[in-house]
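Please open the structure in the viewer and follow the stops below in order. Each stop names a selection and then describes what is found there.

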Amino acid sequence: AAGPPHAGAIATAEREPSRNPGAAALTDGVPVLPAPVLPAPSAARDDVPAPYSDRCLSRGDDSEVKVCHYGNQDGDYRVLLLGDTYAAQWQPALEEIARVNDWALDVVVKVGCVLGNVKPRKTDGTPFGACEEWREQLPGQVQKLSPDLVVVAQYPSGRVMGAEAGAERADLLTQGLVDAAEEIGGLADHMVFVRSTPFMGSDCRNPEELESCSRPRDRAMRDLDPVVLAAKRVEGSYLVDLTDAICEEAGCSAVVGNVAVYRGAEHLTATYSRSLAAVFAKVLGGVGGFEELKLPDIESSPPSDNLAQKAVAAKRDNANLFERGCHVNQASSDPDFCVFGNEESNIRIVLAGDSHAGHWLPPLQEIA
């Protein structure tokens, strides 16, 4: 397959510092101002793409091909994002691109379902019949949507019958993606595969250590990524590789540009995905068919209107004394002390009371 350059530095001119530039700190060299991490480390796992709260993902035994609609649905250019949750994580970035270019964006996702003619299985090892039924209906739905561009992403270790791991499973998943691309590719002008995100595993799970945590890049990258292998075999397709906009050469950090990168072992937070919009758009510009492709500016992007996501994040946005276990529960009679700031200072402040005292810790930490 042909393909545009990998994601690298997209500008060399001096840039204004930013509080939460996210990926732009890597791709544009934007200086990062001191600021709290977004989303808060304790809320990162709930920073999910809009299709989750919009309830338009097909889950479990549901075989209906559901479609999430974003952008300008009357626009002249239509993009279809297709796959599993590895595809859904790119929705925030593509929605930003759709917004500035007046595109229509459709998202079609079946959770845990691998594409193609391979036999999918559930987590318990039994056949995943709903996935097969969903796949049978997929071409007809794609034809109705009539996309100009199809963007495909998929979990590189998808569950299939007859292969547990390694090269055998990668071969099956690759062939499945090739078969799906050949069946769907003719229904769109262009097809793009997105390389799987680096895998953090069990590293960087502690919210208190998030800002200083990273994983060596060679451990985070997968040697056998079926998406990459399929892109090489599908004629006329393109591979989008945004690894350089997620990881530095030495390692993959849990926080980049004051933005939490992951909401688990491997899925991007919606906030970091959104910060990738500009570099994603630049790479897409090499696909062809775009006379003038506008690049989103994350600094001027409107805030997310995903209220459900904001509500969950707000619930977890607590003073860090709760994370550190300094807030003694009602059953305990022993006080517990946590120390913040400079322990060697001649001035000491004691904050005492109940949870209503605890919520004054953040401003006192700033003063200290």
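**The whole chain**

Begin with the full surface: the chain exposes about 18,200 Å², of which carbon and sulfur atoms supply 47% (Shrake-Rupley areas with a 1.4 Å probe, only the protein chains shown counting as cover for residues). This is a predicted model, in which local features need pLDDT of at least 70, side-chain atom pairs count only at pLDDT 80 or more, and totals for chains, interfaces and linings use all residues. Residues are numbered from 1 along each chain as its sequence is written, and side-chain values use heavy atoms, with hydrogens and water left out.

Colour the chain by secondary structure to display 14 helices and 10 strands (DSSP runs numbered from the N terminus: H or I of at least four residues, E of at least two).

**The sheet**

Select the six strands of the open sheet, ordered β1-β3-β2-β4-β5-β7 with mixed pairing (two strands pair if DSSP finds at least two bridges between them). Because β1 (68–71) and β7 (238–240) each have a single partner strand, one side of each is left without a neighbour in the sheet.

Next, select residues 78–83 and 149–153: these are β2 and β4, paired in the parallel sense over five bridges. Within this pair, G83 has A153 of β4 as its bridge partner.

**The helices on the sheet**

Add residues 129–145, helix α5, which lies across β1, β2 and β3 (104–109) (contact means heavy atoms within 4.5 Å). Finally, select helix α6, residues 166–184, which packs on the sheet and touches β2, β4 and β5 (190–194).

Methods:
Axes are lines fitted to C-alpha atoms, for helices over the stretch in contact, and angles run from 0 to 180 degrees between N-to-C directions.
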